[in-house]
Amino acid sequence: MTDDHSKSIHDDIAYMRGLADEGRHAPLLSGPVMVAAGVIFGLASLGQWAIVTDLLVVDPMAQLWLWLGAGGAFAIALTLLIRRQQTKPGFYSPGNKAVGAAWTAVGFGIFAMWVAFMAVGFSSGDWTLMRAMPIVVFAAYGSAWMVAGAMSGAGWMKGVALLAYGGAVLLGVFADSTWGYLVFAGLMVFVALLPGLALMRQEPSDVV
């Protein structure tokens with residue numbers, strides 16, 4: 001084995017070790033995104049509760065515009081936050097890439113289900129399926145948090161995942177009640193807002 005070949009193998013091993021160290025030590029940077037999701041969609045759910053309980057007397061179609069507005073606001077926030085995250089150490093680490101991919105998949109999946117349920121409603125006049133939308137959201141959140149927990153080794157994230165799964169079941173219980181919107185908003189505090197704040201507190205200035 002030549003010296004050059006030995007050096008190449010040594011460099012490859014050092015590179016792979018560097019990737020492993022980066023993935024282990026780099027903080028997850030999805031905290032601000034989770035906070036934005038918790039605030040925006042939690043407030044949207046409170047707004048819908050106010051509409052369906054006649055606390056706000058508006059056209060029923062205002063519910064559609066409410067959620068479209070929330071989706072648009074989140075899309076803008078997400079774009080700005082990702083640009084900010086790209087300047088932080090560890091953004092391109094394996095852990096952040098995997099967790100980012102998981103949340104991206106969750107976002108597209110939720111949006112696809114929402115559009116599909118809306119299509120059923122407009123085509124049939126039956127909006128019953130929309131009652132299942134909150135269940136879909138929390139089941140998807142649970143899956144993303146499970147990935148985050150597996151990649152980071154943080155047990156509390158797996159706990160958040162289990163809470164989200166339990167929230168999906170709880171929302172099934174309230175699917176036919178206006179209380180469901182309040183339950184949704186409350187759950188967003190515990191599976192998005194508070195965990196997001198916890199992640200933000202764990203972000204160091206540098207990856208060590």
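Okay, let's start with Trp127, which sits in the loop between helix 4 (94–124) and helix 5 (133–152). When I say helix, I mean a DSSP run of H or I with at least four residues, numbered from the N terminus. Before I go on, a word on where this comes from: this is a predicted model, where local features need pLDDT of at least 70 and side-chain atom pairs count only at pLDDT 80 or more, while totals for chains, interfaces and linings use all residues. Residues are numbered from 1 along each chain as its sequence is written, and side-chain values use heavy atoms, with hydrogens and water left out.

So, is Trp127 buried or exposed? Trp127 counts as partly exposed, because its relative accessibility is 37%. The cut-offs there: buried is under 20% relative accessible area, exposed is over 50%, and partly exposed is in between, with a 1.4 Å probe and protein chains only.

Trp127 also belongs to a nonpolar surface patch of about 560 Å², together with Met61, Trp65, Leu68 and Phe122. For a patch like that, residues need over 30% relative accessible area and no salt bridge, and nonpolar side chains (Val, Leu, Ile, Met, Phe, Trp, Tyr) are joined within 5 Å. A salt bridge here is a side-chain nitrogen of Lys or Arg within 4 Å of a carboxyl oxygen of Asp or Glu. Areas come from Shrake-Rupley with a 1.4 Å probe.

Now the aromatics. How many aromatic pairs does the structure hold? Eleven. Rings of Phe, Tyr and Trp (the six-membered ring for Trp) pair if their centres lie within 6.5 Å; planes under 30 degrees apart are stacked, over 60 edge-to-face, and the rest tilted. Take Phe41 and Phe74: their pair is tilted, at 5.3 Å centre to centre with 55 degrees between the planes. Phe41 is in helix 2 (residues 31–52) and Phe74 in helix 3, so this pair ties together parts 33 residues apart in sequence. Phe41 counts as buried at 17% relative accessibility, and Phe74 counts as buried at 17% too.

Then there's Trp103 with Trp145, an edge-to-face pair at 5.7 Å centre to centre and 85 degrees between the planes. That one links helix 4, where Trp103 lies, to helix 5, where Trp145 lies, 42 residues apart. Trp103 is buried at 14%, and Trp145 is buried with a relative accessible area of 1%.

Those four rings sit in one aromatic cluster, whose members also include Trp67, Phe138 and Tyr141.

Last stop, Ile82 in helix 3 (residues 62–85). Ile82 is partly exposed, at 31%, and its C-alpha is 9.2 Å from that of Leu29, 53 residues apart along the chain.

Note on methods:
Helices (H or I, at least four residues) and strands (E, at least two) are DSSP runs, numbered from the N terminus. Patches are made of residues with over 30% relative accessible area and no salt bridge: like charges are joined within 9 Å, nonpolar side chains (Val, Leu, Ile, Met, Phe, Trp, Tyr) within 5 Å.
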